[in-house]
Amino acid sequence: MNYFQLFDLPEQFELDLAELGSRYLALQKRFHPDNYAAGSERDRLLAVQQTANINDAYHSLKHPLLRAEHMLALRGIKLSNEQRSFTDPAFLMQQMELREQLAELSGAADPEQALYDIEQELQQQRKALLKALHQALASGTAAQDQLAAELVRKLKFFYKLQQELELIEQQLQD
């Protein structure tokens with residue numbers, strides 16, 4: 001299913017999230033199962049399925065990483081649940097250094113400042129990768145789609161590190 005078509009949006013990485021939200025609400029209103037309460041069992045089941053599809057599509061299009069994965073899937077590149085290692089030594093080294101910084105966070109002289117510094121670095125890296133991803137997806141060529149897939153893989157690491165950082169932050173606050 002093409003989520004962009006479902007929401008009648010252009011198939012592009014940059015989306016107007018307010019427009020996406022308003023189209024989501026309109027679709028939810030149109031296909032809400034309560035509208036089919038008096039209908040046949042088949043109609044009610046189809047409405048529930050359509051509502052689930054709308055929810056999945058909205059969640060995917062709203063999140064940049066999932067949106068990029070969906071765009072790549074539409075272009076024949078499936079990344080979900082993929083287990084693939086990196087061959088980029090600079091990226092691997094960066095990941096190791098960031099993980100070391102996370103591990104040493106609780107013992108830092110000023111854990112809050114260290115936490116802030118790591119968070120800023122993660123945001124800067126994600127922002128740069130998202131910009132490069134936007135450019136790669138906009139091109140639409142097979143080579144750029146492969147580059148976009150590699151960028152998505154890298155972004156997954158940064159999102160995972162962000163989640164780990166948030167857990168550490170909660171532990172430090174407790």
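Start with the whole chain: the protein has a radius of gyration of 20 Å, whereas a compact globule of 174 residues would have one near 16 Å (taken over C-alpha atoms; the globule rule is 2.2 Å times the number of residues to the power 0.38). This is a predicted model, in which local features need pLDDT of at least 70 and side-chain atom pairs count only at pLDDT 80 or more, while totals for chains, interfaces and linings use all residues. Residues are numbered from 1 along each chain as its sequence is written, and side-chain values use heavy atoms, with hydrogens and water left out.

Show the C-alpha trace next; along its principal axes it spans about 65 × 45 × 30 Å.

Colour by secondary structure. The protein holds 7 helices and 0 strands, with elements in the order α-α-α-α-α-α-α from the N terminus (DSSP runs numbered from the N terminus: helices are H or I, at least four residues; strands are E, at least two).

Switch to the surface. About 10,800 Å² is exposed, and carbon and sulfur atoms supply 51% of it (Shrake-Rupley method, 1.4 Å probe; for residues, only the protein chains shown count as cover). Of the 174 residues, 34% count as buried (under 20% relative accessible area, 1.4 Å probe, protein chains only).

Now select serine 60, in helix H3 (residues 41–62). Is serine 60 buried or exposed? Serine 60 is buried, because its relative accessible area is 14%. Leaving aside residues up to four places away in sequence, serine 60 touches Tyr3, Leu66 and Arg67 (contact means heavy atoms within 4.5 Å).

Finally, display contacts between residues at least 6 apart in sequence: 68% of them join residues at least 24 apart.

How values were computed:
Buried < 20%, exposed > 50% of the residue type's maximum accessible area, 1.4 Å probe, protein only.
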